[in-house]
Amino acid sequence: MYAGTKVISLFTKEGEYLLNESRASDDSIAGDKLLSISCKQSTRSTCGLQSLALIIGASTTSFSNGQIPTDIEILRDERTIRVMGENINDHELPKGMSLYDVVDVATSFGLNVSAYQSSNSSIDEFRERAIVALKNAPLSGCIVNYHMGVAGQDPLKKGFWGHHSPLAGYHCKTDRFLVADTWPDTESCWIPTADLFAAMETQDNNGGVQRTGGSRGYLIIDAN
């Protein structure tokens, strides 16, 4: 049905069809709780924090007074300042965040996080781990760190760069994950697993404190 189609916006007839079919299928997943609170990042550099905010908000993990957090609230929280202080400038993250910067912030909020660079993983391992996390949602989740252009989210050829967003579903028949995109200029969309994994295999040379080198990747988060 979707031969030759790469990225499918959630807000199209095809995207809605995939979501509805995922809700009705035993071998697919629709993360309705996360989708119900999905919203965009407040600054151009806080996609990692907004992704964490959505994972926290969808779970039973409280932030402050049980409210759903925002990326700015997490950025200004003393726990984030403690681990990211030298990279915060006037409530911004000029260098963005690497995969492991997000790990440090998530850990400081008491979340259990497993990080996987795609250069040390495989597409089958990613698919399996992400599906398990989605099945256990909202008490667990998966954040992907990928290159938007490689994933196909660059229709105007603007050279979109590295990005973080949480996953919110999986459609088995077409082997696509639903990315709850936090970037202000693009929409949540279904991306073929092969394209998403290729986008996570790209090198991160600029984001945050890149301590290990190597590729981008993904995080499996236990918010229980």
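**Helix H7, helix H9 and the aromatic rings of Phe126**

Author: The axes of H7 and H9 come within 10 Å of each other and cross at roughly 110°. This is a predicted model, in which local features need pLDDT of at least 70, side-chain atom pairs count only at pLDDT 80 or more, and totals for chains, interfaces and linings use all residues. Residues are numbered from 1 along each chain as its sequence is written, and side-chain values use heavy atoms, with hydrogens and water left out.

Reader: How is the crossing of H7 and H9 to be read?

Author: Two packed helices are described by the angle between their axes and the distance between the axes. Axes are lines fitted to C-alpha atoms, for helices over the stretch in contact, with angles from 0 to 180 degrees between N-to-C directions. H7 is therefore roughly perpendicular to H9 (65 to 115 degrees; under 35 is roughly parallel, over 145 roughly antiparallel, the rest oblique). Helices here are DSSP runs (H or I, at least four residues) and strands likewise (E, at least two), numbered from the N terminus.

Reader: Which residues make the contact of H7 with H9?

Author: H7 contributes Ile123, Phe126 and Arg127, and H9 contributes Thr193, Ala194, Leu196, Phe197 and Met200; contact means heavy atoms within 4.5 Å.

Reader: How should an aromatic pair be read, and how many does the whole structure hold?

Author: A pair of aromatic rings is described by the distance of the centres and the angle of the planes. Rings of Phe, Tyr and Trp (its six-membered ring) pair if their centres lie within 6.5 Å; planes under 30 degrees apart count as stacked, over 60 as edge-to-face and the rest as tilted. The search finds six aromatic pairs. In one of them, Phe126 and Phe177 are tilted, at 5.2 Å centre to centre and 50° between the planes. This pair links distant parts of the chain, 51 residues apart: Phe126 lies in helix H7 (residues 123-135) and Phe177 in strand E6 (residues 176-179).

Reader: Is Phe126 buried or exposed?

Author: Phe126 is buried, at a relative accessible area of 0% (buried is under 20%, exposed over 50%, partly exposed in between; 1.4 Å probe, protein chains only). Phe177 is also buried, with 0%. The rings of Phe126 and Phe197 have centres 6.2 Å apart and planes at 35°, so this pair is tilted. Phe197, in helix H9 (residues 193-200), is 71 residues from Phe126, and at 6% relative accessibility Phe197 counts as buried.

Reader: Which residues do the ring pairs link into a cluster?

Author: The cluster consists of Tyr116, Phe126, Tyr170, Phe177, Phe197 and Tyr218.
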